[in-house]
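User: I've got a model open and would like to talk through how it is put together. Can you take my questions one at a time?

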Amino acid sequence: RLLFPRCQPKPPHPLFSQRQPKLSCPLFPQCLPKPRRVFVRFSRKPPYPLFLRPQVSDAVGPEYAWYVNGVLQEDATQRMFAFTPEKEGEYEVTFRVTDTDESPTAPLSRHITRASSKRITEKTLRVTCYERESERVITTTGQPASNRVLEFLPAPGQFVNETGMAGYTGQKSFEEARLYAENRLKKGEFVSLGNFGGYVILAFDHSVENKGGYDFSIPGNQFEGSNEPGVVWVMQDVNGNGKPDDEWYELRGSETGGEWTVQEYAVTYYRPAGPRQGVKWTDNLGRSGQVAYLGQFHAQDYYYPLWLEEESHTYYGTGLRQNTTQTPGGDWSNNSFEWGYVDNAGSDNLESSSKTGKTWFKISNAMTPDGQPAGLRYIDFIKVQSAINGSAGGLGELSTEVAGMAVDENLNR
């Protein structure tokens, strides 16, 4: 399948295996009909590009090519392609990977063996270019708090499926999981996003305006020494269908561009073979490990989401470094970053001297995939995503907790 993500202008991570190339990416947990449709605004001056960067794995010496409506784009030979529509309408964008097939082959004769051959893998994406942003009606009145959870998919973690503190009741479908998260957040109860990549998507009954300052807040359960940062993404409902199927923009934080920040990180988790086991993972940096099973504290049978039917699932997003220390006496401290993250006691916890409670965010910090300001006038959807792949001993994985609905602080004023 091919689900194109946002991208960053830096080289892809090394490829570690030599099977048939696969193309994939992160926007939705389920497979979608092909070709997938993406919606883009046409109002930016100069014209605004749509950044496409599919994930490629299992390729040997890959070469890339891009086609728009069947026409080869001569200068587009990298995995990232900045597609700029010429006018409103629909376009078919095709990504082609040509690599070497090194699979074992039978000899043609006693002295002759067929050389490695080239193979081609390609996928097509349908892009719909919509009307100018300035012509859209922006609804800016309503209730301050977000009122819907559109998607909820935590990564494996100690609170996933747990019937005690986390309040699960055996949810086994995406809709049941969505309602679980929505009901808890409306009551101000936490939901855990699990290890790296887990996320929740929230929607408002109106558009949240960019007024240049702090525009909205999201509550967490952070306090000094207990920080589990989550990255925030925002989206406009460009096509007006009420679904988060347009472009995501990451909100800049204090770690953006840092040496240890991986803007395009991917972790694959594997369903345990049986109950009461840790969840193994591999990432796109060639590392592996597991989310530990902490049965003495959280004794549910599985930390892998019960409603995920796949035997493995890959999460994509921005990875932050683990900011954890341990004292000589063995006490762990998950330290905070300066600003820009949910469940993080940073300088943007404006209402509490102890930096607990809500973290405040600016829409003006939204950036395009190449790191430039997105210039959004408003947003309609928010995604919070767990950003660290790590653990702190007996405290377990660093799982971002969201402790209530996001709030439009402009309306509160």
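Analyst: Sure, here are the ground rules, and then your questions. This is a predicted model, where local features need pLDDT of at least 70, side-chain atom pairs count only at pLDDT 80 or more, and totals for chains, interfaces and linings use all residues. Residues are numbered from 1 along each chain as its sequence is written, and side-chain values use heavy atoms, leaving out hydrogens and water.

User: How many helices and strands does the protein chain have?

Analyst: Helices (H or I, at least four residues) and strands (E, at least two) are DSSP runs, numbered from the N terminus. On that basis, the protein chain comes out at 2 helices and 26 strands.

User: Is L320 buried or exposed?

Analyst: L320 sits in the loop between β19 (312-319) and β20 (324-326). Looking past residues up to four places away in sequence, L320 touches, among others, P229, W260 and F337, where contact means heavy atoms within 4.5 Å. Buried means under 20% relative accessible area, exposed over 50%, partly exposed in between (1.4 Å probe, protein chains only). L320 has 7% relative accessibility, so L320 is buried.

User: Which strands are the edges of the open sheet of 6 strands?

Analyst: Two strands pair if DSSP finds at least two bridges between them. The sheet's order is β10-β12-β24-β14-β15-β23, with antiparallel pairing. Each edge strand pairs on one side only, and the edges are β10 (148-153) and β23 (366-367).

User: Which residue in β23 does E250 stand opposite?

Analyst: Strand β15 (residues 249-251) pairs with β23 in the antiparallel sense, over 2 bridges. There, the partner opposite E250 is M367.

User: What is the angle between the planes of F83 and Y91?

Analyst: Rings of Phe, Tyr and Trp (its six-membered ring) pair if their centres lie within 6.5 Å; planes under 30 degrees apart count as stacked, over 60 as edge-to-face and the rest as tilted. The structure holds 16 aromatic pairs. F83 and Y91 form an edge-to-face one, 5.2 Å centre to centre, with the planes at 70 degrees.

User: Which ring does K362 lie over?

Analyst: A charge sits over a ring if NZ of Lys or CZ of Arg is within 6 Å of the ring centre and within 35 degrees of the ring normal. K362 is 4.8 Å from the ring centre, and the face below it belongs to Y214.
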